[in-house]
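Biologist: I'd like to learn how to read the empty spaces and helix contacts in a model like this one. Can you walk me through it?

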Amino acid sequence: MSLSPNQVRLMMIQVADAIIEAEPMLSQADRDLGDGDHGLGMKRGMEAVKVQLGGLDPASVEQVFVTTGTAMMTSMGGASGAIFGTVYRAGGKAQAGREAFDSEGLALLLEAALEGVMKRGGAKPGDKTMIDAVAPAAAKARESVALPLAEALKAVAEAGEAGKEASKAMIAQFGRAKTLGEACLGFPDAGACSVVIMLNTMRDYAGQPS
């Protein structure tokens, strides 16, 4: 099973809707760690994504993801805009020359996203950032390339969720949460929460009967 460029476009619109709907939860997750603007920033970014993808007749999977990343980067500003913009721009460029989105494409997307974000933000696994959800998801995606896309996404979403849960036991090394020290224990990273919503929504889209 693989998704055509237009199916990837529809999937990303569904992802945008899920993030917009989750704004109150994401804002609370960020407030728990001393900030509070993550949810509103993600909502603004995904509203821009919906505008850009709404009228797009995509020629390639790469175009859908790069358009998504560019919309987030230009509309959100701040660290989240740069980081989540990089996820989709780097992940999209890794799809170059691929005619459809399949389990191999998923692995390429997440591996490039992980590399791009680590290079851009300087964080690594264990620093209590969205990387703590992306890194296990990328590793699971590479393990799952032989599976149908829907099954690979199910495994990848579970790995991302486990990574998000693990972030509760970490002490933040970046952002305002860094000043909290041990007070940030028990709360997941808000960016990791966003990653999990994205992966769960992709899993749900791919699992729908075609």
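Modeller: Sure! Let's begin with a term: a pocket is an open set of grid points with protein on both sides within 12 Å along at least five of seven lines, and its lining residues have an atom within 4 Å of a point. Keep in mind that this is a predicted model.

Biologist: Okay, so which element gives the most to the lining of the largest pocket?

Modeller: That's α5, with 6 residues. The pocket has a volume of about 690 Å³. It is lined by 30 residues, and the closest to its centre are His38, Ala79, Ser80, Gly175 and Asp189. Besides α5, the elements that give two or more residues to this lining are α3, α6 and α9.

Biologist: And how do the residues of that lining divide by class?

Modeller: There are 13 nonpolar, 10 polar and 7 charged ones.

Biologist: How do people find empty space in the first place?

Modeller: Rolling a probe the size of a water molecule over the atoms shows where empty space is left. In this structure there is 1 cavity of 30 Å³ or more, and the volume of the largest cavity is about 120 Å³.

Biologist: Which residues line the largest cavity?

Modeller: Among them are Phe84, Tyr88, Leu109, Met130, Val195 and Met202. Two or more lining residues come from each of α5 (78-93), α6 (103-121) and α9. The biggest giver is α9, with 4 residues. By class, the cavity lining has 12 nonpolar residues, no polar and no charged.

Biologist: You keep mentioning α9. At what angle do the axes of α3 and α9 cross?

Modeller: At roughly 40°. Helix α3 covers residues 38-54, helix α9 covers residues 190-207, and their axes come within 10 Å. The crossing is right-handed. On the α3 side you'll find His38, Met42 and Met46, which meet Ala190, Gly191, Ser194 and Met198 in α9. That contact has 4 nonpolar, 3 polar and no charged residues.

Biologist: Last one: what should I look for in backbone angles?

Modeller: Most residues other than glycine have a negative phi. Lys128 has a positive phi of about 60°, although it is not a glycine. You'll find Lys128 in the loop between α6 and α7 (131-143).

Biologist: Is Lys128 buried or exposed?

Modeller: Buried means under 20% relative accessible area. Lys128 has 3% relative accessibility, so it counts as buried.

Terms used
Residues numbered from 1 in each chain as written. Predicted model: local features only at pLDDT ≥ 70, side-chain atom pairs only at ≥ 80, totals over all residues. Heavy atoms only, no water. Axes fitted to C-alpha atoms, helices over the stretch in contact; angles between N-to-C directions. Left-handed = near helix turned anticlockwise from the far one by under 90°. Contact = heavy atoms within 4.5 Å. Nonpolar A, V, L, I, M, F, W, Y, C, P; charged D, E, K, R; others polar. 1 Å grid on protein atoms, 1.4 Å probe; cavity = no way out; pocket = protein on both sides within 12 Å on 5 of 7 lines; lining within 4 Å. Points joined across faces, edges and corners; volume = space filled by probe spheres on them. Buried < 20%, exposed > 50% of the residue type's maximum accessible area, 1.4 Å probe, protein only.
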